[in-house]
Amino acid sequence: MCRSAERGFGAGYPLGAPEKKTTMKHITWRDLPCIYMDSLNSVRMLGEQRPYTIGFYDLYAADPGPRHWHDALEVGCVLHGDGTLVLEDQEYRLQPGTVYVVNSAHRHMGYADGTMQLFVVHFHPYLLHDTSFHTLGVAATQPFAFGERRFLALLPASHPNTPQIVSLLTGIAGEYQAAAIGWEVVTKGYLLQIAGLLLRHFLSTTPPDPTVTRREALLARIAPALQLLEQNLVDPPSLADLAATIAVNPNYFCMLFREATGTSPVAYRNLRRVMCAQQLLANGDEPVSLIAERCGFEAVQQFNRVFLRLVGCTPGHYRHRTRDLSPS
């Protein structure tokens, strides 16, 4: 999972302590379903009048997380370290200076070889829209849209136009940290320039994968059910309630859900509960039994079993490991 840190653009980061010797299962992104990030739900961002979520993120090889998706748009770059970007079912190498772009339905996650730091801008899709001049809005949103025209999702540092986008992201980082009057407007200007450069230089010659296109459409379709599940992880809605959010019967809903996320609603719910528990374990000192209860598990034995299967270690070891990785 990513751990955010308010640092200067390009600042250094601490190396984690050596891993304790213990018996662990090796969990990879292929073993985990894709999860929905409700905090980056565009409807929620609009309701909170929050056009951006901006931050510096430290990724550790010893603490990976599942792929996720959200309908906020995303652009980011690698500041330090090497790793891998998983986009849908493909892996792409990341190195310092690499820029990546994520649309409103891409399943994605960054994984570090050792330790890696990213600067990431999540923003509401409406920031690229222009209601008065239709052609301007269409042009600005094209690089982030899923459909017939595809744009590169990974912009290598060696590409002659990538440094221009890195420079614009540096400008956004400066505006965000200074938080001077009008920084949100200036940041929108930077994002429009990034969209223009993507449109001009990064059109992909690879035709869209129909399987991925269908999955993207399915993720968008089941989003209301995922939002309902996110808001009720401890006392989850019934399968019938989830199916009703998209007006289908429960059996058909299960089929759509599995095709979109790669797992069942129950397994998905357990993963989200475990992810909530990971945050509590890393950032507090509550007993494991209390954390299990707070996250919706009926018994600590069930929590320990599910946690080990999904994370690869026990809750107690995970707590010690994340404390070793955290900045002093």
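This briefing describes aromatic contacts in the structure shown above. The model is a predicted one, and a search of the whole structure finds ten aromatic pairs in it. Two of these pairs, an aromatic cluster and a contact between a charge and a ring are set out below by topic.

**The pair of Y36 and W69**

- Y36 and W69 form a tilted aromatic pair, with a centre-to-centre distance of 4.8 Å and an angle of 50° between the ring planes.
- This pair links distant parts of the chain, since Y36 belongs to strand β2 (residues 35–36) and W69 to strand β4 (residues 68–69), with the two positions 33 residues apart in the numbering.
- Both partners are buried, Y36 as well as W69.

**The pair of F257 and Y268**

- The ring centres of F257 and Y268 lie 5.4 Å apart with their planes at 90°, and because planes over 60 degrees apart count as edge-to-face, the pair falls into that class.
- F257 is in helix α7 (residues 250–261) whereas Y268 is in helix α8 (residues 265–283), so the pair ties together parts that are eleven residues apart in sequence.
- F257 has a relative accessibility of 1% and therefore counts as buried, and Y268, at 0% relative accessibility, counts as buried too.

**The cluster and the charge over F297**

- Four residues, F297, F303, F307 and Y318, form one aromatic cluster.
- F297, one of the members of that cluster, also has the charged end of R273 sitting over its ring, at 5.8 Å from the ring centre.

Methods. Residues are numbered from 1 along each chain as its sequence is written. This is a predicted model: local features need pLDDT of at least 70, side-chain atom pairs count only at pLDDT 80 or more; totals for chains, interfaces and linings use all residues. Side-chain values use heavy atoms; hydrogens and water are left out. Rings of Phe, Tyr and Trp (its six-membered ring) pair if their centres lie within 6.5 Å; planes under 30 degrees apart count as stacked, over 60 as edge-to-face and the rest as tilted. Helices (H or I, at least four residues) and strands (E, at least two) are DSSP runs, numbered from the N terminus. Buried means under 20% relative accessible area, exposed over 50%, partly exposed in between (1.4 Å probe, protein chains only). A charge sits over a ring if NZ of Lys or CZ of Arg is within 6 Å of the ring centre and within 35 degrees of the ring normal.
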